[in-house]
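Ready for some practice at reading a protein model? Have a look at the structure, then work through the exercises one step at a time.

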Amino acid sequence: MTDSQGILTVDDILSTVSLDVRLLAGRDGLAREVLWAHSCELPDPARWLGPHELLMTVGLCVPLDADEQVAFIRSLDDGGLAGLIVGDHEETAPPLTDAMLAEADERGFPVLLAAPHTPYAVVARHVAAANTSSQTLMVLKLSKLYHLAANADDDVDRLAGDLATLLGVGIRIEEPTTGVTVIDAGIPGGGRENDAARSYPLRGAHPASLIITEHPREELDSFLLVHLMKVLEVAVGRILHAAERRRESSEQAMRSLLSGVTPRNLDILLAPHHASDGYQVAAFSSTEADRVARTAALRGLPVVVGAGSTGHLVLVPIEAVPEIRALAETGDVRFGVSSTFTSYADVRVAADEAAKTLAGAHLSDRSWVEFEGARISVLTRSRREAEEIVAGVLGGLLEESASATNLRETLFAYLRHDRSWQVTAHELGIHRQTLSYRLKRIEEVTGLSTSKSADLSALWVAYQAWESLRG
């Protein structure tokens, strides 16, 4: 007799009248599977027997002391054994103490007493014969496993769900660098409070971690586990390979955008959104580049991630901002975020704005710091606006002549050094009188004063716009 799944249990042995065994303790463990029955009289028999095996002894391996008998039961149970059969032989079996039987009851570890005339060879043959059907069932499960893998049609989530149902376990796979869950299929029928999880490395072309969740006493057979891991290595490898290709495409797209070129695959990377409907650029530390880029690729987030001039950047369509913001808040990554733009030609301006926002947020305890429009250094909102400001304010200083170039560089150095004559003259390598002459010429050409606050504000904004246009 076996259970409904064709697997022999301790209860089956107990209910087989011809074997003449009775239960002494551990009634809660009668549903334990028995894959083999083995006789052993060596000390520490848990060393020689494996999970789901039934220990048969005439008592020589059972300690005499009550505390040692309790430890004996613990070692057998911790070793995953199915149970213990002790022969009713006074000449070899020590008295089984109440403490030992109480420990077996508490652990649900079956302890059976065999009649003096019960040959252990008969018990072993009974287990072997009963489990012939179990082995057949295992082969059928293995065949079904590979059938599911062959007909998954690249739907890895469906494959994982089907495998979880077939094997009666929960299957979860994580990418080790980011901790992102790639696949998650729970135990059929829902989990239990005392379920146990075991982790195994998947060593394919793209390593990952497999976490198997099992009901107590219903662990996945190691034979099936090996084949499950091989199937999942192939399936997960496809996912991780595709994510790596997406990551590389994203990096190339960011380089193109910062060079003023719109990449052909941009709509694919941002689907179903369009950056032209509005986007923001978020800057973050390059130390987090690998984690952010991998996470975005694995989750298929509609963003573009790549290196900027001073750090790393992510271009985010407005509709996808909550997803990236959630990543910032849960992943302990700080982002400095630009205002909203609509033209791809402004990506470089947005990137500069985001980088400056991040630089100004180093004392903030927020992980998502947005541009607030308060800093005059980043008031230009688009390339077109920047070009208009530069032309309207600098005027004749934009000419390509040597004279105009000298005046323009003098003005920018003067503004950059907070109108310090000494520092400005030192940087330019000129005398203070030459600096004074050039400042007067700048006022004549632009019509603006280098001493009035309003005019200086306009000159400063024009200088920042000039810088943003030229990176």
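**Exercise 1.** Which residue of strand 7 does I171 stand opposite? Work out the sheet around this pair too.

*Solution.* One thing to keep in mind first: this is a predicted model.

Step 1. Look across from I171 and you land on A185 in strand 7.

Step 2. Now zoom out to the two strands. Strand 6 (residues 170-174) pairs with strand 7 in the antiparallel sense, over four bridges.

Step 3. Zoom out again and you get an open sheet of four strands in the order 7-6-9-8, with antiparallel pairing. Its edge strands are strand 7 (181-185) and strand 8 (196-202), and each of them pairs on one side only. From one strand to the next, the twist averages 15°.

**Exercise 2.** Find out how helix 5 and helix 6 sit relative to this sheet.

*Solution.* Step 1. Start with helix 5 (residues 156-167). Helix 5 packs on the sheet and touches strand 6 and strand 7. Compare directions, and you'll find about 40° between helix 5 and strand 7.

Step 2. Move on to helix 6 (residues 222-258). Helix 6 lies across strand 6, strand 7, strand 8 and strand 9 (208-214). Against strand 8, helix 6 runs at about 65°.

**Exercise 3.** Describe the second largest pocket: its space, its lining and the elements behind that lining.

*Solution.* Step 1. Begin with the space: the second largest pocket holds about 410 Å³.

Step 2. Next, the lining. There are 22 lining residues, and the closest to the pocket's centre are S309, T310, A351, D352 and A355.

Step 3. Ask where the lining comes from. Two or more residues each come from strand 10 (279-284), strand 12 (312-317), helix 10 (347-359) and helix 15 (453-469). Helix 10 gives the most, with seven residues.

Step 4. Sort the lining by chemistry, and you get eight nonpolar, 10 polar and four charged residues.

**Exercise 4.** Is H417 buried, partly exposed or exposed, and why? Say where H417 sits as well.

*Solution.* Step 1. Locate the residue: H417 is in the loop between helix 12 (402-416) and helix 13 (421-428).

Step 2. Check the accessibility. H417 counts as partly exposed because its relative accessibility is 24%, and that label covers values between the 20% and 50% cut-offs.

Step 3. List the contacts. Leaving aside neighbours within four places in sequence, H417 is in contact with V423, T424 and E427.

Step 4. Finish with a distance: from H417 to T177 you count 240 residues in sequence, and their C-alpha atoms are 44 Å apart in space.

Notes
Residues numbered from 1 in each chain as written. Predicted model: local features only at pLDDT ≥ 70, side-chain atom pairs only at ≥ 80, totals over all residues. Heavy atoms only, no water. 1 Å grid on protein atoms, 1.4 Å probe; cavity = no way out; pocket = protein on both sides within 12 Å on 5 of 7 lines; lining within 4 Å. Points joined across faces, edges and corners; volume = space filled by probe spheres on them. Nonpolar A, V, L, I, M, F, W, Y, C, P; charged D, E, K, R; others polar. Pairing = 2+ DSSP bridges. Axes fitted to C-alpha atoms, helices over the stretch in contact; angles between N-to-C directions. Contact = heavy atoms within 4.5 Å. Buried < 20%, exposed > 50% of the residue type's maximum accessible area, 1.4 Å probe, protein only.
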